[in-house]
Amino acid sequence: MAAQDTAAAGVRWIGRVDTSDPIGPRFSWSGTGFVARFHGTSLTAQLGNEGAFIFKAVVDGVPQPAFTSMPRAGRYALATGLPAGEHTVALYRQSEGQLGLSQLHGLTVGDGALLAPPPAPQRLIEVVGDSISCGFGILGAIDDDCYATQSHWDAYPSVMARALGAEVSTIAGSGRGVVRNYPGDSVDTMPQIYQRTLATEPLPTWGFGVEPQAVIINLGTNDLGNGKGDPGPRFVTVYRSLVETIRAHYPSAFILCTIGPLTSLSESAIVYRYIRTVLDARAAAGDTRVALFDRILPQTPDKYAGAYHPNVAENTILAAQLGEELRARLGW
């Protein structure tokens, strides 16, 4: 089965998309986007955005400089000056979902027409996480605006997926925790919003029609961060529920649980202890396709980006570590 078979508005969608309006699909999560194939010399997208969001186009496999959208409706040249013929263009949203929604209103082909979109690769990975998985502040310095320097393309989920010949669907939000978020509240924690199609809207829920071969959960940093300390045994209860929810939707997927690299060794040890409790219960229930990855070390100061988040170099390390683990576990 292909990684993602959602098609609407003449394109194949990557990640979660609301197709209740088939001619104006809506999307929001980091890295969500679409791929189009056409015969012509250029491709322009008509997008509607609830804010100034960052996007990245990839033309015939070549990544282009990121661009920032205007709030509300706008036209954006994704590819220009191409030789007449068949081309493929992908567009990925870099800004994270909790900033608002994007909508595709249409595509215009220069000197040609859209063709059927290309098929998806056979490999799909889902990543469930927080700001680290979004690429929050990844291109900035410590004191830079982290939303303006987001880049999911450069974050470990995307880097890992490209190295593995896979697509990735990232369900992540900055500050989201398992039982409590970075500020200390428990509103819209990641387990609460995991089943959403769009990050900011409870409905529609995602249909889970295509099963990934692997799911990576990288959560817990915000449960400890900002001086909150040990989140307590409730972490086990809610984390177990999240794993059970994922397993119910994906009966055969390999689930890899981890945390890092923003936590210290002592903080990671707390979360690893709780995760092991969850995994022991899963093993007792006969689930052999869930495991802990506890080899992510705290990043060093030379790897700091915006608000001390991991920079591109650190994300490259994470991508290699997790990708190697998936190769070994899945035979990729």
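Colleague: How much space lies in the second largest pocket?

Modeller: About 360 Å³. Bear in mind that this is a predicted model.

Colleague: And what lines the second largest pocket?

Modeller: It has 18 lining residues, and those nearest the centre are Y182, T221, N222, L262 and H309. By class, the lining splits into 9 polar, 6 nonpolar and 3 charged residues.

Colleague: What makes a residue count as part of a pocket lining?

Modeller: The test is an atom within 4 Å of a pocket point, so a residue that passes it is counted. For the largest pocket, that gives 24 lining residues, with I14, A90, Y92, A166 and E167 nearest the centre. Its volume is about 440 Å³.

Colleague: Which elements give two or more residues to the lining of the largest pocket?

Modeller: They are β2 (11-14), β10 (85-93), α2 and β14 (166-172). The largest share comes from β10, with 4 residues. Sorted by class, the lining has 13 nonpolar, 7 polar and 4 charged residues.

Colleague: Over to the serines. Why is S151 called buried?

Modeller: The cut-off for buried is under 20% relative accessible area. S151 comes out at 4%, so it counts as buried. You'll find S151 in the loop between α1 (131-134) and α2 (156-164).

Colleague: How do you know that the side chains of S151 and D154 make a polar contact?

Modeller: The pair sits at 2.6 Å, and the limit for a polar contact is 3.5 Å between N or O atoms, so the distance fits. The side chain of S151 also has a polar contact with the side chain of Q94, at 3.4 Å. That value is within 3.5 Å too, so it passes.

Colleague: Which residues does S151 touch, not counting those up to four places away in sequence?

Modeller: Q94, C134, G135, I138 and L139.

Colleague: Now S266. What makes S266 exposed?

Modeller: Exposed needs over 50% relative accessible area, and S266 has 52%, so it passes the cut-off. S266 sits in helix α6 (residues 265-284), and its side chain is joined to that of S264 by a polar contact of 3.1 Å.

Colleague: Why is Y308 called partly exposed?

Modeller: Its relative accessibility is 45%, which falls between the 20% and 50% cut-offs, so partly exposed is the right label. Y308 lies in the loop between β19 (290-292) and α7 (312-330). Its phi is near 70 degrees, a positive value in a residue other than glycine.

Colleague: Which label fits Q299, buried or exposed?

Modeller: Q299 is at 9% relative accessibility, under the 20% mark, so buried. Q299 is in the loop between β19 and α7. Leaving aside neighbours within four places in sequence, Q299 contacts P261, L262, Y304, Y308, H309, P310 and E314.

Colleague: What is the peptide bond from G260 to P261 like?

Modeller: That bond is cis, with omega near 10 degrees. P261 belongs to the loop between β18 (254-258) and α6. There is also a cis bond from L203 to P204, with omega near 0 degrees. P204 is placed in strand β16 (residues 201-205).

Colleague: Where is F208, and what is its phi?

Modeller: F208 is in the loop between β16 and β17 (214-218). Its phi is near 55 degrees, a positive value in a residue other than glycine. At 9% relative accessibility, F208 is under the 20% cut-off, so it counts as buried.

Colleague: Last topic, the sheet. How do you know that β5 and β11 pair?

Modeller: Pairing takes at least two bridges. Strands β5 (residues 42-49) and β11 (residues 102-110) have 8 bridges, so they qualify, in the antiparallel sense. One spot to look at is L43, which stands opposite V109 in β11.

Colleague: What is the strand order in the open sheet?

Modeller: The order of its 4 strands is β3-β11-β5-β9, with antiparallel pairing.

Colleague: What makes β3 and β9 edge strands?

Modeller: β3 (26-27) and β9 (72-79) each have a single partner strand, so one side of each has no neighbour in the sheet.

Methods. Residues are numbered from 1 along each chain as its sequence is written. This is a predicted model: local features need pLDDT of at least 70, side-chain atom pairs count only at pLDDT 80 or more; totals for chains, interfaces and linings use all residues. Side-chain values use heavy atoms; hydrogens and water are left out. Buried means under 20% relative accessible area, exposed over 50%, partly exposed in between (1.4 Å probe, protein chains only). A polar contact is a pair of N or O atoms within 3.5 Å; within protein, one must be able to donate a hydrogen and the other to accept it, and residues adjacent in sequence count only if both atoms are side-chain atoms. Contact means heavy atoms within 4.5 Å. On a 1 Å grid over the protein atoms alone, a cavity is a set of points where a 1.4 Å probe fits but cannot get out, and a pocket is an open set with protein on both sides within 12 Å along at least five of seven lines; lining residues have an atom within 4 Å of a point. Grid points are joined across faces, edges and corners, and a volume is the space filled by probe spheres set on the points. Ala, Val, Leu, Ile, Met, Phe, Trp, Tyr, Cys and Pro count as nonpolar, Asp, Glu, Lys and Arg as charged, and the others, Gly among them, as polar.
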